[in-house]
Each structure stands twice: as structure tokens, then as C-alpha cells.
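Here's a quick briefing to read alongside the coordinates. Have the viewer open and click along as you go.

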Amino acid sequence: AGAAAWPDLVDVAVIGGGVSGLCAARTAAAMGRSVAVLEARSRLGGRARSVSGPGSADLGAAWVWDEDSSVLGLAKQVGAVLHLQFGAMAGTPGQRHRFTAGTADFVQRLASDLSP
């Protein structure tokens with residue numbers, strides 16, 4: 001896949017297509033601004049990455065905690081489904097959740113409202 005055609009001028013350029021960059025781009029777009037997300041990698045998501053093969057795995061950002069209300073709310077807003085993962089882990093803030101379809105699905109849903 002090649003690089004997308006870039007417009008001559010945008011209101012906001014977001015450097016980095018990780019979850020924070022995509023959230024910044026979504027906020028600017030919701031305010032009526034034209035946005036370009038600049039990402040060095042061939043994929044969006046930053047540390048939130050899913051891989052598949054004989055199985056699948058989330059690499060990097062895999063869990064969402066109950067205390068992460070902004071992430072939980074954003075997941076609900078974009079329709080990403082989370083499920084509880086086995087019990088609490090010692091030394092962590094409590095119950096944790098995982099994205100049922102993987103973090104890549106969450107990233108794709110964040111990016112889906114943005115113009116290509």
C-alpha cells in the first residue's frame with residue numbers, strides 16, 4: 001500500500017498515529033477542522049498492536065483497567081467491545097479488561113471517522 005494523497009493545506013497536522021494522536025485528530029475533526037495524521041510506520045496504533053497467525057496476540061497496550069474511565073468511555077463511543085479478563089493481578093489497580101477483537105480493532109475504530 002502506498003501513501004495516501006495529501007491535501008495542500010490542513011488546519012491541524014497530528015504527528016503520530018497512536019491512540020493519543022488518533023484521539024487528538026478525532027477531537028480536531030469534531031470541531032470542524034481538516035486534519036492530517038502523520039505516522040512513520042505503515043500502520044496506525046503506536047504501542048497498541050495486534051498480530052495474527054496461527055493465533056492472535058495483542059502486543060504493547062493490551063489491558064484497560066477500571067480506573068481508565070476515559071479509555072473505557074472512548075471504547076464504548078466507537079463500539080469496541082471489551083471483556084473482563086481473569087481476576088485481579090497483584091500489584092495492579094484492580095480488574096482489567098481486554099478488547100474482544102484486539103487492540104487493532106480499537107485503533108481501526110478510532111481512525112474510521114477520519115478522512116483518508
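What follows walks from the whole chain to its sheets, its helices and a few single residues.

Keep in mind that this is a predicted model. The protein chain has three helices and seven strands, and reading along the sequence gives the pattern β-α-β-β-β-β-α-β-β-α.

**The chain as a whole**

- Taken along the principal axes, the C-alpha atoms fill a box of roughly 50 × 35 × 25 Å.
- Of the 116 residues in the protein chain, 30% are buried.
- The accessible surface adds up to about 7,300 Å², and carbon and sulfur atoms own 56% of that.
- If you take contacts between residues at least 6 apart in sequence, 51% of them join residues at least 24 apart.
- On the charge side, there are 10 positive and 9 negative side chains, with the centres of the two sets 5 Å apart.

**Strands and how they pair**

- Strands β3 (residues 48–52) and β4 (residues 56–60) run antiparallel and are joined by five bridges.
- β3 and β4 make a hairpin, with three residues between them.
- For a concrete pair to click on, Arg 49 has Leu 59 in β4 as its bridge partner.
- There's also an open sheet of three strands, ordered β5-β7-β6, with antiparallel pairing.
- The edges of that sheet are β5 (64–65) and β6, each of which pairs on one side only.
- β6 and β7 run antiparallel and share four bridges; His 83 has Arg 98 in β7 as its bridge partner.

**Helix α2: two sides**

- Which residues of α2 (residues 69–78) are buried? They are Leu 74, Ala 75 and Val 78.
- Those three sit on the same side of α2, because they cover an arc of only 105 degrees around the axis.
- Flip to the other side of α2 and you find Ser 69, Lys 76 and Gln 77, which are exposed.
- The cover over the buried residues of α2 includes α1 (19–30), β6 (82–85), β7 (96–99) and α3 (103–111).
- Right after α2 comes Gly 79, which has a positive phi, near 85 degrees.

**Leu 72, also in α2**

- Leu 72 lies in α2 as well, but its relative accessible area is 23%, so it counts as partly exposed; the cut-off for buried is under 20%.
- Not counting residues up to four places away in sequence, Leu 72 touches Val 64, Trp 65, Asp 66, Leu 82 and His 97.
- From Leu 72 to Ala 62 is 10 residues along the sequence and 13 Å in space, C-alpha to C-alpha.

**Helix α3: what it packs against**

- The buried residues of α3 are Thr 103, Asp 105, Phe 106, Val 107, Leu 110 and Ala 111.
- Which elements do the buried residues of α3 pack against? The answer is α1, β3, β4, α2 and β7.

**Helix α1: two residues to compare**

- Val 19 and Arg 26 are both worth a click: Val 19 lies in helix α1, and Arg 26 is found in helix α1 too.
- Is Arg 26 buried or exposed? Arg 26 counts as buried, because its relative accessibility is 13%.
- Val 19 comes out at 26% relative accessibility, so it counts as partly exposed.
- Leaving aside residues up to four places away in sequence, Arg 26 touches Leu 74, Gln 77, Val 78, Arg 109, Leu 110, Asp 113 and Leu 114. Among them, Leu 74 and Val 78 are buried residues of α2, while Gln 77 is exposed.
- With neighbours within four places set aside, Val 19 is in contact with Gly 45, Ala 48, Phe 106, Val 107 and Leu 110. Among these, Phe 106, Val 107 and Leu 110 are buried residues of α3.
- Val 19 and Ala 101 are 82 residues apart along the chain, and their C-alpha atoms are separated by 16 Å.

**A buried arginine in β7**

- Arg 96 is found in strand β7 and is buried, with a relative accessible area of 1%.
- Arg 96 and His 83 are 13 residues apart in sequence, and C-alpha to C-alpha they are 8.6 Å apart in space.

Note on methods. Residues are numbered from 1 along each chain as its sequence is written. This is a predicted model: local features need pLDDT of at least 70, side-chain atom pairs count only at pLDDT 80 or more; totals for chains, interfaces and linings use all residues. Side-chain values use heavy atoms; hydrogens and water are left out. Buried means under 20% relative accessible area, exposed over 50%, partly exposed in between (1.4 Å probe, protein chains only). The arc is that of the directions from the helix axis to the C-beta atoms. Contact means heavy atoms within 4.5 Å. Accessible areas come from the Shrake-Rupley method with a 1.4 Å probe; for residues, only the protein chains shown count as cover. Lys and Arg count as positive and Asp and Glu as negative; His and the chain ends are not counted. The place of a charge is taken as NZ of Lys, CZ of Arg, CG of Asp or CD of Glu. Two strands pair if DSSP finds at least two bridges between them.
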